[in-house]
Amino acid sequence: MYDLVIKNANIIDGSGGPSFAGELAVQNGRIAALGDNLGSAKETIDAEEFSLAPGIIDLHTHFDAQLTWDPYATPSNRLGVTTVVIGNCGFTIAPCKPEHRDRTLRNLTHVEGMSLDAMKAGIDWDFVTFADYLNSLEKRGMVPNVAAFCGHSSVRTWVLGDEASDRAATKSEVAEMKKLVREAMDAGACGFASSTLEQHNGENGVPMPSRLADDHEMMELTGVLGEVGKGTFMLTKGMTSTIPWLESIAAHSGRPVMIAAMFVDPGNPERVFDENAQISEARGRGRELWSQVGCFPLGMEFTLGHPYPLEALIAWHPAIEAEGSEEFKKILRDTSFRQGLKDEMQTTGVPNRFSSKNWDHMTIMEVHKAEHRKFIGKKVGHLARDSGEDPWDWFLDFGLADELKTLFDVRLFNVDEERVADLLRYEYGAIALSDAGAHLSFLCDAGFGLHLMGHWARDKEKISLEKAVEALTSRPADIYRIKDRGRLVEGAWADLMLFDPNTVARGNKERVNDLPTGASRIDTPAIGLKGVWVNGVRTVNDNWNLQDCGKPGQLLRDFVDLS
Ligand SMILES: [Zn+2]
């Protein structure tokens, strides 16, 4: 007798092949059988012809801190995600010497928009090394499965301390870092993650440590993956990291390279397609490069009090460095500061930047002063045009007049849906980039999988539902060598998602206050999701409630290539 049989299901097995009607049986956390009339079980569920698919594997999350107090990885599991990969961009919390904890959290607060108070209240620092951290997570337990990257910025901070964000490393420091990466790989990291992205700044605008690495350091640290013969190098790349350079890393290490963040930039829409063409060429030479793309417009809510989307602009730097809000306001009023911003917007070929095209996608969501209410719902670009002002002047004057409290929503990338559809069809693309666990007060893209199935497969018909499921399940599993997951086949772990293909979607944004100390975050409810199972245990029921399910997730440590 099986533990569970789900009957009367439309099975989408994750392979990309056509769906079929049938039953699925679970025994001891694994899929025991697929077929018809599988017989009796301790529990039988009628799927009512809804679609049964593998759970979503989210390759790009930042749950490193949150998982130490929230085993659910909220809200991802409730959005169909059964495996999360953490440590992306190299922003991790281990290894971390006790004297570097405060600095690490302050940097995370800035670069990933996490609440410092929530992290301070939430994290129980019962770990120092990367191996300790994995053991600590495993001991605490979690609802989804977790795979963890070894993070470059943490490794660098361990070795260089306060100088990690200031300078290149010496030969002996690089050797010490290599040792840490090797230890992390031995402990069960899924690879090594880093960032060279110009927006990635820590407290007071200092670059995140990995941005100070020179070529030698990058080659040596990624080379460890080649030495141990496993793991993926994940990079969120800035303007200096070209595809040929990434190909040279892949050639040197012999390991896969996952390249984020490949968005359609309204300031230079062709760039991502040119880079994907270079990736295809590298593929022809046998290098395993992957292009990590998003299936949603990257939007953020922000105020001038914490203007994350603007901080990538070089000309914005004086504002980041301002001490206190009076000095900050003075800088925003300064005409030469504003001229610098206007000039920088005219510069072409600067990737991943806030660009002049963004003004028409920047909406006023909430205002502080009553007399400004008439502007709610309007676009900054339109308002500036109507008043005959430069958008920077209109925007900054308005924000100052509203005491820096106006809530803006800006769509930065992936605004042109037709081009996004082209990205989604790219053969070496990996659809991810949810950034779940980060930027909690600005955005919530943890429901990217539901959006892919609902918006792109059903509503826009740009991809078949079977291919959408494949992109969310077996493909990410194969790229990161996650064994026995991502497919509904006999013997695989029973990570499952049951949904109604006619309604599946991510719901509208809402603000909730459930972080430690009551800090707020944006949430998007799941629509049409009927159930989620992790290792055979139901974690979300058909009313979209979390079950009292225990902690069925596993800490994944085995990422060896399948030969
Ligand atoms: Zn990231």
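In this predicted model, Phe413 is buried, with a relative accessible area of 6%. The cut-off for buried is under 20% relative accessible area, so Phe413 falls in that class. Phe263, at 7% relative accessibility, also counts as buried. The two residues form one of the aromatic pairs, of which the structure holds 18. Their ring centres are 5.4 Å apart and their planes meet at 15°, so the pair of Phe263 and Phe413 is stacked. Phe263 belongs to the loop between β12 (257–260) and α8, while Phe413 belongs to strand β16 (residues 407–413), so the pair ties together parts that are 150 residues apart in sequence. Elsewhere, a single aromatic cluster is formed by Phe302, Trp316, Phe337, Trp359, Trp392, Phe395 and Phe408.

Rings also take part in contacts with charged side chains. Arg419 lies over the face of Phe273, at 4.2 Å from the ring centre. In another such arrangement, the charged end of Arg30 sits over the ring of Trp493, and the distance to the ring centre is 4.0 Å.

Helix α14 comes next. It spans residues 417–424, and Val420, Ala421, Leu423 and Leu424 are its buried residues. These four cover an arc of only 155° around the axis, which puts them on the same side of α14. An α-helix has 3.6 residues a turn, so residues three or four places apart point the same way. The buried residues of α14 pack against two helices, α8 (271–284) and α15 (448–459), and against two strands, β13 (289–293) and β17 (429–431). At the start of α14, the backbone nitrogen of Glu418 has a side-chain oxygen of Asp416 within 3.1 Å.

Strands β13 and β17 also belong to an open sheet of six strands, in the order β9-β10-β11-β12-β13-β17 and with parallel pairing. Its edge strands are β9 (150–151) and β17, each of which pairs on one side only. Within this sheet, three bridges join β12 and β13 in the parallel sense, and Val257 stands opposite Leu289 of β13.

Strand β13 also holds Ser291. At 0% relative accessibility, Ser291 counts as buried. Its side chain makes a polar contact of 2.8 Å with the side chain of Asn276. Leaving aside residues up to four places away in sequence, Ser291 touches Ile259, Met262, Asn276, Ile279, Tyr426, Tyr428, Gly429 and Ala430.

His152 is placed in helix α4 (residues 152–160). With 0% relative accessibility, His152 counts as buried. The side chains of His152 and Glu217 are joined by a polar contact of 2.7 Å. Beyond residues up to four places away in sequence, the residues that His152 touches are Gly90, Phe192, Ala193, Ser194, Ser210, Ala213, Glu217, Met218 and Leu221. Ser76 is 76 residues from His152 along the chain, and the C-alpha atoms of the two are separated by 25 Å.

Glu301 is in strand β14 (residues 298–302). This acidic residue is buried, with a relative accessible area of 8%. Its side chain makes a polar contact of 3.2 Å with the side chain of Lys509. A polar contact of 3.2 Å also links the side chain of Glu301 to the side chain of Arg511. Phe328 lies 27 residues from Glu301 along the chain, with 20 Å between their C-alpha atoms.

The remaining pairings involve strand β1. Strand β1 (residues 2–11) and strand β2 (residues 20–27) are antiparallel, and six bridges hold this pairing. Here Val5 stands opposite Ala25 of β2. With strand β4 (residues 41–46), β1 runs parallel over five bridges, and Leu4 is opposite Glu43 of β4. Strand β5 (residues 51–54) is also parallel to β1, with two bridges between them. In that pairing Ile11 stands opposite Leu52 of β5. In a regular strand the side chains alternate between the two faces of the sheet.

Methods. Residues are numbered from 1 along each chain as its sequence is written. This is a predicted model: local features need pLDDT of at least 70, side-chain atom pairs count only at pLDDT 80 or more; totals for chains, interfaces and linings use all residues. Side-chain values use heavy atoms; hydrogens and water are left out. Buried means under 20% relative accessible area, exposed over 50%, partly exposed in between (1.4 Å probe, protein chains only). The arc is that of the directions from the helix axis to the C-beta atoms. Contact means heavy atoms within 4.5 Å. A polar contact is a pair of N or O atoms within 3.5 Å; within protein, one must be able to donate a hydrogen and the other to accept it, and residues adjacent in sequence count only if both atoms are side-chain atoms. Rings of Phe, Tyr and Trp (its six-membered ring) pair if their centres lie within 6.5 Å; planes under 30 degrees apart count as stacked, over 60 as edge-to-face and the rest as tilted. A charge sits over a ring if NZ of Lys or CZ of Arg is within 6 Å of the ring centre and within 35 degrees of the ring normal. Two strands pair if DSSP finds at least two bridges between them.
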